[in-house]
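Please open the structure in your viewer and keep the selection tool at hand. The tour below goes from stop to stop, saying what to select and what is found there.

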Amino acid sequence: ELICVYGYSLAAFIPSSLGCIIPVDGLDWVFVLAGFGFSSAFLLRNLWIRLQAQGSSIADITTDTNSGEGRKKIATLLIGLIGLHLCFTIGLKFLFFS
């Protein structure tokens, strides 16, 4: 299910790639980072819904420092996922839109 959500989140890069056709270097970064922002928001929103369905809350994970081991793993997963997504976005910029 996570793979499907991640795949759907990449749809935000379709309009971003069309905007990168414009040959202005600074504008390329704006479009790529906008795609990253929309895609990350989609990922976090959908993961939030699934975590709340399990009785968890992302707000509790980020504010409660004495949380259980499961909540720490979820927070690590979300941070890692967005970090890898940022690496993917930067790689996309340099490999395809340079």
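A residue is called buried under 20% relative accessible area, exposed over 50%, and partly exposed in between, with a 1.4 Å probe and protein chains only. This is a predicted model, in which local features need pLDDT of at least 70, side-chain atom pairs count only at pLDDT 80 or more, and totals for chains, interfaces and linings use all residues. Residues are numbered from 1 along each chain as its sequence is written, and side-chain values use heavy atoms, with hydrogens and water left out.

**The whole chain**

Begin with the protein chain as a cartoon, where you should find five helices and zero strands; helices (H or I, at least four residues) and strands (E, at least two) are DSSP runs, numbered from the N terminus. Of the 98 residues of the chain, 31% count as buried. If you switch on a surface, its accessible area comes to about 6,400 Å², and 71% of that belongs to carbon and sulfur atoms; such areas come from the Shrake-Rupley method with a 1.4 Å probe, and for residues only the protein chains shown count as cover.

Next, colour by pLDDT, the predictor's confidence in each residue, from 0 to 100. The chain averages 82, and 79% of the residues score at least 70. Confidence is lowest in helix α4 (residues 58–63), with a mean of 52, and highest in α2, at 92.

**The loop before α3 and its surface patch**

Select I22, which sits in the loop between α2 (13–19) and α3. With 38% relative accessibility, I22 counts as partly exposed. Add V24, L27 and V30 to the selection, and you have a nonpolar patch on the surface which, together with I22, has about 300 Å² of accessible area. Patches are made of residues with over 30% relative accessible area and no salt bridge, where like charges are joined within 9 Å and nonpolar side chains (Val, Leu, Ile, Met, Phe, Trp, Tyr) within 5 Å.

Then move to P15, in helix α2, which counts as exposed at 53% relative accessibility. Draw a distance from its C-alpha atom to that of G35, 20 residues away along the chain, and the separation is 7.8 Å.

**Along helix α3**

Select F36, which is placed in helix α3 and is buried, with a relative accessible area of 16%. Not counting residues up to four places away in sequence, F36 touches F13, I82, H85, L86 and T89, where contact means heavy atoms within 4.5 Å. The C-alpha atoms of F36 and F88 are separated by 9.3 Å, although the two are 52 residues apart along the chain.

Stay in helix α3 (residues 25–53) and select S40, which counts as buried at 8% relative accessibility. Leaving aside neighbours within four places in sequence, S40 is in contact with I82 and H85.

**The nonpolar cores**

Now show V5, L43, L47, I74, L78 and L81 as sticks, because these six residues make up the largest nonpolar core, a core being a set of buried Ala, Val, Leu, Ile, Met, Phe, Trp, Tyr and Cys residues joined through side-chain atoms within 4.5 Å. Both α3 and α5 (69–96) supply at least two residues of this core, and α5 gives the most, with three. A second, separate core of five residues includes F13, V32, L92 and F97.

Returning to the largest core, pick L78, which lies in helix α5 and is buried, with a relative accessible area of 10%. Its C-alpha atom is 8.4 Å from that of L47, and the two residues are 31 positions apart along the chain. Select V5 as well: apart from its neighbours within four places in sequence, V5 is in contact with F42, L43, N46 and R50.

**The salt bridge**

How many salt bridges does the structure hold? The structure holds one, a salt bridge being a side-chain nitrogen of Lys or Arg within 4 Å of a carboxyl oxygen of Asp or Glu. Select K93 and D28 to see this pair, whose closest N and O atoms are 4.0 Å apart. K93 lies in helix α5 and D28 in helix α3, so the pair ties together parts that are 65 residues apart in sequence. Both partners are buried, K93 with a relative accessible area of 3% and D28 with one of 7%.
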